[in-house]
Amino acid sequence: MNDKIAIIGLGYVGIPLAIEFGKKYKTIGYDLNKKRINELNQSIDNVSGIKQSEFEKSKKLVFTSKLSDLINCNIYIIAVPTPIDKNNNPDLNILFNATRDIATIISKNDIVIYESTVYPGCTEEDCVPILENKSKLKFNEDFYCGYSPERINPGDKDKTLTKIIKITSGSNKKTLEKVDNLYKSILEVDTYPVSSIKVAEAAKIIENCQRDINIAFVNELAILFSLLDIDSKEVLDAAGSKWNFLPFKPGLVGGHCIGVDPYYLINKAEKIGYKSKIISAGRKLNEYMPKYI
């Protein structure tokens, strides 16, 4: 275990990663927020609520806000936010800035792994050129990339990082093997390696698109049944008596992911000349629900 790992971004995705990797590998948690770093150095986590006892178990972990401290790492895991702007377009500024920073310190044979939610193709088409340009290194010859999408469920005390199957991918076969073994070493469950980075990116984003569409469907049913003077909860409970009926409930869609990620896929579709029908319709209906309520 000679790898030295840098976790870039210490939010609700990055901090559990840093804690788990820090139990087995020399790990540096990096974040631009100095207040956050000061708190973490005191074993205080006001984001994910990680207990002090977990910090104590992570004996190989240190925290910093200095980029130069990461220069001797050989694996860089980027776990920064990927929000949308006021026009519901992907806002990748934080991701690209993190990529530029890492590009200034990576060395030959290093691996850069992305965990942030993006549209299919973002890692290789958008991030890799930044890494090449800034580092002057050649992709898949001098450095390599992986993508292992985060599946953290904030606030869930049962499905924690080590108990969630992790999708893994790499820019070539050898890198996939390396990335897969790295995550396997900290998980209690198995990994799910896939053939390409694009597949991993797409798999992540449709997880939340699927939930958004299903919630939109039952939201529309709730509106319709209200007009028909039928109790929608009773209808859904009755339908739920069938073994293969999916148990979704009407309501508001919020949080970091479900109300954001579908716009990444909608935007990517538009760039290649396809206008989304079902995904965009689901988004519109769920955006309408606060007004309806």
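1. A helix here is a DSSP run of H or I with at least four residues, and helices are numbered from the N terminus. Helix 2, residues 34-40, contains both E39 and K35. These two residues are 4 apart, which is about one turn of the helix. The model is a predicted one.

2. E39 and K35 are joined by a salt bridge, with 2.9 Å between the closest N and O atoms. Are the two partners buried or exposed? E39 has a relative accessible area of 16% and is buried, whereas K35, at 59%, is exposed. Side chains of opposite charge can pair when their charged atoms come close.

3. How many salt bridges does a search of the whole structure find? The search gives 16. One of the pairs is K178 with D3, whose closest N and O atoms are 2.6 Å apart. This pair links distant parts of the chain: K178 belongs to helix 6 (residues 173-184), D3 to the segment before strand 1 (4-8), and 175 residues separate them. K178 is partly exposed, with a relative accessible area of 31%. D3 has a relative accessibility of 14%, under the 20% limit, so D3 counts as buried.

4. A salt bridge also connects the side chains of E54 and K23, at 2.9 Å from N to O. E54 is in helix 3 (residues 52-57), while K23 is in the loop between helix 1 (14-21) and strand 2 (26-30); the pair therefore ties together parts that are 31 residues apart in sequence. K23 is partly exposed, at a relative accessible area of 29%.

5. The nonpolar interior comes next. The largest nonpolar core has 44 residues. Those with the most contacts inside this core are I8, L70, Y76, I78, L95 and I102. What does Y76 touch, leaving aside its neighbours within four places in sequence? Its contacts include A6, I8, L70, I71, I102 and I105. D110 is also among the residues in contact with Y76, as are I106, I111, V112 and I113. Apart from the largest core lies another, of 31 residues, among them V13, L40, I77 and I152.

6. Helix 10 can be checked for length. At 1.5 Å a residue, its 15 residues should span 21 Å, because the expected span is 1.5 Å times one less than the number of residues. The end C-alpha atoms are 20 Å apart, which agrees. The buried residues of helix 10 are I279, S280, G282, R283, L285, N286 and M289. They pack against helix 7 (197-227) and helix 9 (261-271).

7. Y292 is also in helix 10, which covers residues 278-292. Y292 is partly exposed, with a relative accessible area of 33%. On the surface, Y292 joins L252, Y288 and I293 in a nonpolar patch, and together they have about 440 Å² of accessible area.

8. Two asparagines deserve a look at their backbone angles. N88 has a phi near 65 degrees, a positive value in a residue other than glycine. N88 sits in the loop between strand 4 (75-78) and helix 4 (93-103), and is partly exposed at 28% relative accessible area. N140 has a positive phi of about 65 degrees and is not a glycine. The loop that holds N140 runs between helix 5 (122-135) and strand 6 (144-147). At 29% relative accessibility, N140 is partly exposed.

Technical notes: Residues are numbered from 1 along each chain as its sequence is written. This is a predicted model: local features need pLDDT of at least 70, side-chain atom pairs count only at pLDDT 80 or more; totals for chains, interfaces and linings use all residues. Side-chain values use heavy atoms; hydrogens and water are left out. Patches are made of residues with over 30% relative accessible area and no salt bridge: like charges are joined within 9 Å, nonpolar side chains (Val, Leu, Ile, Met, Phe, Trp, Tyr) within 5 Å. Accessible areas come from the Shrake-Rupley method with a 1.4 Å probe; for residues, only the protein chains shown count as cover. A salt bridge is a side-chain nitrogen of Lys or Arg within 4 Å of a carboxyl oxygen of Asp or Glu. Buried means under 20% relative accessible area, exposed over 50%, partly exposed in between (1.4 Å probe, protein chains only). A nonpolar core is a set of buried Ala, Val, Leu, Ile, Met, Phe, Trp, Tyr and Cys residues joined through side-chain atoms within 4.5 Å. Contact means heavy atoms within 4.5 Å.
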